[in-house]
Amino acid sequence: MDLPSTQTIVDFDFTSDLGKKYDGQFTVLCLLNMRQKHLLELEKTRLLGNYTNPTDELAGIAVILANLRHRIVDGPTWWQQSDGGYNLTDVDVLTSLYNKVLAAEAEWRTKLKEKTKKLQEPSLENQT
């Protein structure tokens, strides 16, 4: 069985609470290999620092930034200039983008399940 493409295009159009508009297309990874997962986890750990009990906000920022930085393959100029989100002052844009990336992964997984289900269904030829 061929997997659906692990990359997809996500259209993004968002106006932050501060009134700034963020839009463009992102190429995102819907499935990470072990190396990519490892690097994502290392990035998250680095962002958490040496805190044994990080605040909810610090933990959330670490999860969002690490995922976006490792799942986004390409993005619009504003994303590239933001150093993977580090230089953005609008936290809500990062949250919205993260949710879009997670939705793209969920959609990919749904397509995979549908494809797997079709393979498991008996064909008319096999029933006779």
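Thr8 comes out as partly exposed, because its relative accessibility is 26%; here buried means under 20% relative accessible area, exposed means over 50%, and partly exposed is what falls in between, with a 1.4 Å probe and protein chains only. The model is a predicted one, so to speak of local features a pLDDT of at least 70 is needed, side-chain atom pairs count only at pLDDT 80 or more, and totals for chains, interfaces and linings use all residues. Residues are numbered from 1 along each chain as its sequence is written, and side-chain values use heavy atoms, with hydrogens and water left out.

Back to Thr8, which sits in strand β1. Helices (H or I, at least four residues) and strands (E, at least two) are DSSP runs, numbered from the N terminus. Leaving aside residues up to four places away in sequence, Thr8 touches Phe26, Thr27, Val28, Cys30 and Ala104, where contact means heavy atoms within 4.5 Å. Leu42 is another matter: Thr8 and Leu42 are 34 residues apart in sequence, and their C-alpha atoms are 24 Å apart in space.

Now for the sheet that β1 belongs to. It is an open sheet of 3 strands, in the order β1-β2-β3, with antiparallel pairing; two strands are taken to pair if DSSP finds at least two bridges between them. β1 and β3 (72–74) stand at the edges with a single partner strand each, so one side of each has no neighbour in the sheet. From one strand to the next, the twist averages 45°. Angles like this run from 0 to 180 degrees between N-to-C directions, and axes are lines fitted to C-alpha atoms, for helices over the stretch in contact. As for what holds such an arrangement together, strands of a sheet pair through backbone hydrogen bonds, either parallel or antiparallel.

The β1 and β2 pairing is antiparallel and runs over 9 bridges. Ile9 stands opposite Thr27 in β2, and Phe14 has Tyr22 of β2 as its bridge partner. The hairpin of β1 and β2 has 5 residues between the strands, and Gly19 in this hairpin takes a positive phi near 90°. On the other side, 2 bridges join β2 (residues 21–29) to β3, again in the antiparallel sense. Val28 has Ile72 of β3 as its bridge partner, while Thr27 has Asp74 of β3.

Helix α2 packs on the sheet and touches β2 and β3, with its direction at about 40° to that of β3. Arg71 is found in this helix, which spans residues 56–71. Arg71 counts as buried because its relative accessibility is 11%. Its contacts, not counting residues up to four places away in sequence, are Thr27, Val28, Leu29, Cys30, Leu32, Leu40, Val101 and Glu105.

The largest pocket holds about 180 Å³ of space. The search works on a 1 Å grid over the protein atoms alone: a cavity is a set of points where a 1.4 Å probe fits but cannot get out, a pocket is an open set with protein on both sides within 12 Å along at least five of seven lines, and lining residues have an atom within 4 Å of a point. Grid points are joined across faces, edges and corners, and the volume is the space filled by probe spheres set on the points. The lining is made up of Pro4, Ser5, Thr8, Ile9, Val10, Cys30, Lys100, Ala103, Ala104, Glu107, Trp108 and Lys111. Two elements, β1 (7–15) and α4 (91–120), give two or more residues to this lining, and α4 gives the most, with 6 residues. By type, the lining divides into 7 nonpolar, 2 polar and 3 charged residues; Ala, Val, Leu, Ile, Met, Phe, Trp, Tyr, Cys and Pro count as nonpolar, Asp, Glu, Lys and Arg as charged, and the others, Gly among them, as polar.

Helix α4 also holds Lys113, which counts as exposed because its relative accessibility is 63%. The C-alpha atoms of Lys113 and Val93 are separated by 30 Å, with their positions 20 residues apart along the chain. Finally, Asp83 lies in the loop between α3 (77–81) and α4. Its phi is near 55°, a positive value in a residue other than glycine, and at 41% relative accessibility Asp83 counts as partly exposed.
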